[in-house]
Amino acid sequence: MITRLLVANRGEIARRVFRTCRSLGIETVAVFSDADAGSPHVAEADYAVRLRGAKPAETYLDIERIVAAGQAAGADAVHPGYGFLSENADFAQAVLDAGLVWVGPSPESIAAMGSKIEAKRLMGEAGVPVLPSLPAVVTEFPVTGFPVLVKASAGGGGRGMRVVRDPAELEREIASARRESEAAFGDGTVFVEPLLEGARHVEVQILADRHGTVWALGERECSIQRRHQKVVEECPSPGITQRVRDELCEAAVSAARTIGYVGAGTVEFLVKGDQVAFLEMNTRLQVEHPVTELVYGVDLVRLQIEVAEGLALPGSPPPPQGHAIEVRLYAEDGDYLPQTGVLRRFEVPGDVRVDSGVEAGSVVSAHYDAMLAKVIAHGSSRDEAVRKLTTALRRARIHGLTTNKDLLLSILTNRDFMTGDTHTGFLDEHEREPGHLDELAVLAAAIAQAAANRAAAPVLRSLPSGWRNVRSQPSRAVFDEAEVVYEPLPDGIELVHADPSRIVVERGGVRHTFEIAHYDGKVCVDSPSGSVELTPAPRLPEPVEQVAPGSLLAPMPGSVLRVEVEPGDRVAKGQAVLVLEAMKMEHQIAAPADGVVSGVHVEKGQQVEAGAVLAIIREGDS
């Protein structure tokens, strides 16, 4: 019987496992890096062990320190979570060798299926359809058809994955994928396979015990992705036939039985029409497991623990009920670049499940993945789940960091998504429309700002803001994003209530309520229709440091992984100038135009802050 369990992970998944442990009466142990010392998962654990000596990005890959932490804290079991070492056979074996219970499949199963190359070979021999693949181990690659996909053999989450359409780019992209995979999973092995465009990404959740029972808990649709990372997942898939569904589940069970699999796992496929091709098997719990839990009414973490304790599963899983959809809420901008900083407020209301690794006051650093939370809705129908999720996101109060909330809302309200017409190229085919700035929200911000000024005034607080004996011009507020006159009010607008944190206005007989939050240099406006963040323009702007024309600025904090050019080099528009690494992902900084490199201001290994000048490109031929 497990009594004290260490989670060899961080953030959202650590908190998720702790929640189940509390319900089972199991004590919990957290491990943490220096950068995570103040994280919620550390505070929630019964015991916590700092993993000293390693760099923040490498802390959760240190097998020896994590096993030693479990022993020091008196743990009798280890749950790997997902990512990091969750699919590392050496880690599983080290846990077992230390006399601890491993809450996961055997090291032999991880070795067989944790390597995507080996998994495809085994599945092919078992008669499961697979895409042909080539291990990328030589400098000349016998690839005859493009486009292709370069993939990490270990791990997942989009890391170590590249789409290559130009044969001339293949060797460079393989090298980049190797580095990223090594940094994320401790294994730089990659391979190449054909890119099946327009296909759905569908996976089957399996669970197997030591007594020969294997469950297939239906399928999940995971097609909508950015940077090869899933953004929206749902159960069941809205776009496959029952025949294909049965084929997928049978193939997944066959895969598990082929290797004597025990524990929770996911078998992933590409589906295009009636064509099915095995992608990989993840020998761990998936990020998107909550949609399966809600549809099947199970706790997968509890079942993992019970299977690890030797308990037997019932002969068949419970029947599915309804539909569930999950979205991943990231701290990132419109170009999918991760954002760092302090999360000032984090509230997601409504009839939804929120699995988060953060809370108000959390610091999002450049060391780890930028996901803040998963928001999941369940309904009796897909339409109901979509409606609940859309409403919850619109009413969410997330202040301090730019997020992908607007992207998620644009997906959930897209006509093709509503009809279930999704595939892995969905975001490439559906350009996001520019966001509409709510004029009433800007007006509310201006009125609240004036109310805050009056409340803070040392004298004559009862006078209206900007009051004059003889009014010569209207009162206006200027933000970087918009400008608005708030006194007198625009025609047709009536002010019902005003204080620094709440504004109510009436237009056309309809009242609109806005909640206002003021931070240093920012005003956040929330309402049932959505959120707006505004930057008040200073009345007396401070001089700002000017940068030279053609300067390439760091879009985020990170480390310079590689410098591709030298001063005097000629570059073409789109050519790589240097590569930054942030949150274990590589980000290429490209030349904005044809020109000559007139200066390089950084070197390999250097840490840079957002906005730092990296290099200067002088446009033109001279």
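What is the handedness of the crossing of α11 and α12? In this predicted model, the crossing of these two helices turns out to be left-handed. Helix α11 covers residues 382-395 and helix α12 covers residues 405-412, and their axes come within 10 Å, crossing at roughly 155°. Angles over 145 degrees count as roughly antiparallel, and α11 and α12 are therefore roughly antiparallel to each other. On the α11 side, the contact is made by V386, L389, T390, L393 and R394, while α12 brings in K405, L408, L409 and L412. Sorted by class, that makes six nonpolar residues, one polar and two charged in the contact of α11 with α12.

Next come the nonpolar cores. The largest nonpolar core holds 37 residues, and the ones that touch the most other members are I2, L5, V17, V103, L207, L303 and I305. Quite a spread of elements gives two or more residues to this core: the helices α1 (11-24), α9 (289-296) and α10 (300-308), plus the strands β1 (4-7), β11 (214-221), β17 (323-330) and β22 (371-379). Helix α10 supplies the largest share, six residues. As for V103, leaving aside its neighbours within four places in sequence, its contacts are I2, L5, A77, V78, H79, P80, Q304, I305 and A308. There is also a second, separate core, made of 34 residues, with V375, L393, A396 and F426 among them. L393 is also one of the α11 residues in the contact with α12.

Two loop residues round off the picture. E332 sits in the loop between β17 and β18 (341-342). Is E332 buried or exposed? Its relative accessible area is 2%, so E332 counts as buried. Not counting residues up to four places away in sequence, E332 touches R226, L337, P338, Q339, T402, T403 and N404. Its C-alpha atom is separated by 38 Å from that of V307, with the two positions 25 residues apart along the chain given as their spacing.

L343, for its part, is found in the loop between β18 and β19 (345-347). With a relative accessible area of 0%, L343 is buried too. The C-alpha atoms of L343 and E359 are separated by 7.3 Å, and these residues are 16 apart along the chain. E359 also turns up among the contacts of L343 once neighbours within four places in sequence are left aside; the full set is V358, E359, A360, G361, S362, L372, I398, H399 and L401.

How values were computed
Residues are numbered from 1 along each chain as its sequence is written. This is a predicted model: local features need pLDDT of at least 70, side-chain atom pairs count only at pLDDT 80 or more; totals for chains, interfaces and linings use all residues. Side-chain values use heavy atoms; hydrogens and water are left out. Axes are lines fitted to C-alpha atoms, for helices over the stretch in contact, and angles run from 0 to 180 degrees between N-to-C directions. Helices (H or I, at least four residues) and strands (E, at least two) are DSSP runs, numbered from the N terminus. Angles under 35 degrees count as roughly parallel, over 145 as roughly antiparallel, 65 to 115 as roughly perpendicular and the rest as oblique. A crossing is left-handed if the near helix is turned anticlockwise from the far one by less than a right angle, and right-handed if clockwise. Contact means heavy atoms within 4.5 Å. Ala, Val, Leu, Ile, Met, Phe, Trp, Tyr, Cys and Pro count as nonpolar, Asp, Glu, Lys and Arg as charged, and the others, Gly among them, as polar. A nonpolar core is a set of buried Ala, Val, Leu, Ile, Met, Phe, Trp, Tyr and Cys residues joined through side-chain atoms within 4.5 Å. Buried means under 20% relative accessible area, exposed over 50%, partly exposed in between (1.4 Å probe, protein chains only).
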